[in-house]
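Biologist: I would like a close look at the nonpolar interior of this protein, and at how single residues are placed relative to it. Please go slowly, since I am a first-year student.

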Amino acid sequence: MAHKNKKSTQTLESRSKKIGKLHLVSLGCNKNLVDSEIMLGRLSNYELTDKISDADVIIVNTCGFIASAKEESVRTILEMAEGKKEGSTLVVTGCLMQRYREELMRELPEVDLFTGVGDYDKIDEILLKKQNLFSPDVYLQSSEERVITGSNYHAYIKISEGCNQKCSFCAIPTFKGRLKSRSLENIVAEVKSLVAKGYYDFSFLSQDSSSWMRDNGVSDGLISLIDAVEQIDGIKSARILYLYPSTTTTKLIERIIASKVFHNYFDMPIQHINDKMLKIMKRGSGESKLRELLVQMRAAPNSFLRTGIIVGHPGEGEAEFEALCEFLGEFKFDRISAFAYSREEDTDAYEMEQVATKTISQRLNKIEKIIKKSINESFQNCVGKSVIASIEGESSEGEMFFGAKMDIWDKDIDGEILINESEIDDLEMGGRYVCEVSECVDSKLVAKVVKRA
C-alpha cells in the first residue's frame with residue numbers, strides 16, 4: 001500500500017488461501033487512509049505488493065479537495081494504468097471519484113471499476129461482481145475490521161463523516177454530505193480491539209471533530225469521548241485532530257488539559273485572522289473568539305499548537321494579508337500549514353472576484369518565511385529537554401539513525417527525531433523511550449535514548 005508517496009508492504013494473515021496480489025494507493029488526508037485500511041480489511045485474502053506490475057488488483061483511493069490534490073489523483077490513476085499487467089483490475093474510488101463521477105467515467109477508459117465514498121466496506125463485492133457501485137449515502141464506519149498500515153503502535157480513529165459547516169472555499173459537504181457521528185460505543189469498541197493488538201497511541205479525527213455528536217443534539221460531545229477513552233487500559237497517549245473554531249469551547253479545552261491520556265495537542269485550522277476575511281470565508285468565528293481559544297490552548301502545560309491558513313482567498317487585500325502575517329509572527333504556533341487559495345466549483349467563493357495568481361504566489365512566499373521561523377523556534381525549544389518518543393524504524397536520513405516520533409506529535413506530520421545513540425541495547429520498533437534531545441538540524445531533532453518510558 002502506498003500513502004502520500006510513502007510505500008509499505010504488509011503480509012496479511014488470512015484464514016483462506018491468497019487469491020491474488022493487491023496494490024493500494026491512498027492519497028490525501030488520513031481520513032482517506034482509514035477508509036483504505038477498511039478496504040484492506042475486506043480484501044485480506046489478497047497479498048499486498050508494492051510492485052504495480054505484480055498486482056492482480058490495483059486500487060487508487062483519490063482525494064478531491066483542492067486543485068493540486070485532484071491533479072495528483074488523476075496523475076496517479078494514469079501511472080497505475082500504464083504500469084499494470086495485462087488482465088489486472090484497476091479500481092478508482094474516493095472523494096475525486098464521488099465529486100466528478102460522470103466526467104471521470106467518461107474520460108478514463110483505462111479504469112476497470114469505479115466507486116465513490118459510500119462503498120468502502122463493499123470493495124470485495126465490487127471486485128467479485130465486476131460492477132461499478134455508487135451507494136447514495138457516504139460510508140460511516142461501524143465495526144468493520146481494519147488493517148492498520150505504517151505502524152505497530154499508532155492508529156487513526158475516525159469519529160464522524162461529513163460536515164455541517166459552510167466555509168466559502170470548501171466543496172467537501174457537497175460530496176461528503178452532512179455530519180454523521182459514529183457512536184461512542186462503536187469507537188470505544190474499536191479502540192479496545194486495537195489496544196488488545198498492541199496499539200497504544202491514537203489520533204481521533206474527522207472533518208470537524210469538535211462537532212462530533214452535534215447531529216444528535218449533543219454539544220461538547222468530545223468530552224464524553226475523552227471520559228470513555230481514559231477508562232481504557234493500555235492507552236499511553238492520544239490527541240484530537242481538526243477542531244473547528246465555532247464548535248470548540250473553553251470547556252472542551254479545559255477537559256483536554258485535565259486529561260491524563262490526551263495530550264495538550266491543539267489542531268485548529270484558523271484559515272485567517274482578519275475579521276473581514278473570516279466573515280467572507282463564513283468561518284463562524286471572529287478574531288476575538290480565535291484569540292481567546294488560542295491563548296487558552298497556548299497557556300496549557302507543554303502545549304502543542306498546529307493550525308492551517310489560506311492565502312489569497314477572494315476579498316483578501318494587502319491590509320488583510322498583512323494582518324495575517326503580523327499575527328503569525330507574534331503568536332507562537334508550533335506548526336503551520338499554508339495553502340494557496342484553490343478556486344473550487346460548488347463553493348461560494350467560486351463566483352467571487354479572484355485574487356491574481358501572481359499575487360497569491362508572492363504572498364505565499366512571504367508568509368512561508370514567517371512560518372519557517374515560527375516552526376524552527378518550536379523545534380529549537382526542544383533542544384536540551386528529555387522527551388518521550390516511539391521508535392518508527394529507519395530514519396529519513398538512512399540507516400545511520402533510527403527515526404522516532406515524539407509522544408505529543410501526530411504521526412508523520414509534525415517532525416522526526418533522529419536517534420544517534422542509545423544506552424539501551426536492541427531498540428524495538430514501536431518501543432517507547434525517554435530521549436535526551438541534543439540538537440536540531442534542518443527541522444529534525446537529534447536525540448539519545450536513555451531509558452524505557
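Modeller: What follows begins with the interior and then turns to the whole chain and to some single residues.

This is a predicted model, in which local features need pLDDT of at least 70 and side-chain atom pairs count only at pLDDT 80 or more, while totals for chains, interfaces and linings use all residues. Residues are numbered from 1 along each chain as its sequence is written, and side-chain values use heavy atoms, with hydrogens and water left out.

The interior comes first. A nonpolar core is a set of buried Ala, Val, Leu, Ile, Met, Phe, Trp, Tyr and Cys residues joined through side-chain atoms within 4.5 Å. Buried here means under 20% relative accessible area, exposed means over 50%, and partly exposed lies in between, with a 1.4 Å probe and protein chains only. The largest such core has 82 residues, and those with the most contacts inside it are Phe202, Phe204, Ile367 and Ile417. Its largest share, six residues, is supplied by helix H8, which covers residues 221–229. A second core, separate from this one, has 32 residues, among them Leu22, Leu40, Leu127 and Ile172.

Phe204 shows what such packing looks like in detail. If residues up to four places away in sequence are not counted, Phe204 touches Ile157, Ile159, Ile187, Val191, Ser209, Leu225, Val229, Ala238, Arg239, Ile240, Leu241 and Phe262, where contact means heavy atoms within 4.5 Å.

The whole chain gives the setting for these cores. The protein chain holds 13 helices and 20 strands; helices (H or I, at least four residues) and strands (E, at least two) are DSSP runs, numbered from the N terminus. The radius of gyration of the protein chain is 22 Å, close to the 22 Å that the globule rule gives for 453 residues, so the chain is as compact as a globular protein of that length. That radius is taken over C-alpha atoms, and the globule rule is 2.2 Å times the number of residues to the power 0.38. The C-alpha trace spans about 60 × 60 × 45 Å along its principal axes, and buried residues make up 56% of the 453 residues in the protein chain. Of the contacts in the protein chain with a separation of 6 or more, 72% are between residues 24 or more positions apart.

Val92 is a good example of a buried residue, and it can be set beside some residues on the outside. Val92 lies in strand E6, residues 89–94, and is buried, with a relative accessible area of 0%. Leaving aside neighbours within four places in sequence, Val92 is in contact with Val60, Thr62, Ile77, Met97, Val111, Leu113, Phe114 and Thr115. Val92 and Asn132 are 40 residues apart in sequence, and their C-alpha atoms are 9.8 Å apart in space.

Leu128, by contrast, is exposed at 74% relative accessibility, and its place is in helix H5, residues 123–129. The C-alpha atoms of Leu128 and Lys276, 148 residues apart along the chain, are separated by 53 Å. Ala258, in helix H9, is also exposed, with a relative accessible area of 54%, and its C-alpha atom is separated by 9.5 Å from that of Ala300, 42 residues apart along the chain.

Lys166 is found in the loop between strand E9 (160–161) and helix H6 (172–176), and is exposed, with a relative accessible area of 63%. Lys166 nevertheless touches Met281 and Lys282, not counting residues up to four places away in sequence. Lys166 and Arg283 are 117 residues apart in sequence and 7.6 Å apart in space, C-alpha to C-alpha.

Two loop residues complete the picture. Tyr242, in the loop between strand E12 (237–240) and helix H9 (250–258), has a phi near 65°, a positive value in a residue other than glycine, and is partly exposed, with a relative accessible area of 22%. Ser443, in the loop between strand E19 (432–441) and strand E20 (444–452), has a phi near 60°, again positive in a residue other than glycine, and counts as partly exposed at 36% relative accessibility.
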